[in-house]
Amino acid sequence: MKENIILIGGGGHCKACIDVIESEDRFRIAGIVDIKEKLHQKVLGYEIIACDEDLGDLVKTYRNFLIAIAQIKNPGKRVEKFKQLKKIKACLPVIVSPLAYISKHADIAEGTIVLHEAFINSGAKIGKNCIINTNAIVEHDVIIEDNCHISTGSIVNGESCIQERTFIGSNSVIGNNVNIAKNTVVGAGSVVARSIDESGIYAGNPAKRLHENG
């Protein structure tokens, strides 16, 4: 019998999460949490049943939760919800598309979702509350720290480290043995061949710092 799961956030990323959860067929989506103004609206047929203030009550009935809020420049909302859910002792399972490849020698921490056609190679370590998006490649021995988003079609090459709260944009390429400082945004289509030691917003080929993040 499938366990119930509650999704936090009813926007576009929630739709992608729903598709993965339905494909994985391990959980039954019992409802969605969003702002009061959206109560009883539906996302792909699933009702918004509660708002943020109700989480303390929801956890008494439902054990499993997934943060389905998008992350681009700032992971603040995802981090806030993760801390809130941990405080009330909710369970945040790892969600993995059956169309993704995950090496048996890789490690993925709680609250992370791996979407369709993503590839995570041997020795990779993925932190808590991350998004490994559609067609993303995380190569061998890569470290992705907590609260990161590796976006669609991006490639993180071997033995690199993406520090916490970082966003790697669609179709970006991170070279081998590259370290990306925490709280960094790498714009779509960028190529990062050298380590980034100062957080900020970077873009281009080769990637250059445009300005600080936030």
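Good morning. I shall begin with one pairing: Leu7 has Leu66, in strand S5, as its bridge partner. What I am presenting is a predicted model, and this pair offers a convenient way into it.

The two strands concerned are S1, covering residues 3–8, and S5; they run parallel and are joined by four bridges. Strand S5 itself comprises residues 64–67. Which way do the side chains of S5 point? Asn64 and Leu66 point one way, while Phe65 and Ile67 point the other way. Such an arrangement follows the general rule that side chains in a regular strand alternate between the two faces of the sheet. In S5, Asn64, Phe65, Leu66 and Ile67 are all buried, so that Leu66, the partner of Leu7, is among the buried residues by the cut-off of under 20% relative accessible area.

Let me now turn to the chain as a whole. Its secondary structure comprises 24 strands and three helices. The radius of gyration is 17 Å, which agrees with the value near 17 Å that a compact globule of 214 residues would have. Along the principal axes, the C-alpha atoms occupy a box of roughly 50 × 35 × 30 Å. Of the 214 residues, 48% are buried.

As for contacts with a separation of 6 or more, 28% of them are between residues 24 or more positions apart.

Finally, the surface and the charges. The chain has an accessible surface of about 10100 Å², and carbon and sulfur atoms account for 48% of that area. How many positive and negative side chains are there? There are 25 positive and 25 negative side chains, and the centres of the two sets are 3 Å apart. Thank you.

Conventions
Residues are numbered from 1 along each chain as its sequence is written. This is a predicted model: local features need pLDDT of at least 70, side-chain atom pairs count only at pLDDT 80 or more; totals for chains, interfaces and linings use all residues. Side-chain values use heavy atoms; hydrogens and water are left out. The radius of gyration is taken over C-alpha atoms; the globule rule is 2.2 Å times the number of residues to the power 0.38. Buried means under 20% relative accessible area, exposed over 50%, partly exposed in between (1.4 Å probe, protein chains only). Contact means heavy atoms within 4.5 Å. Accessible areas come from the Shrake-Rupley method with a 1.4 Å probe; for residues, only the protein chains shown count as cover. Lys and Arg count as positive and Asp and Glu as negative; His and the chain ends are not counted. The place of a charge is taken as NZ of Lys, CZ of Arg, CG of Asp or CD of Glu. Two strands pair if DSSP finds at least two bridges between them.
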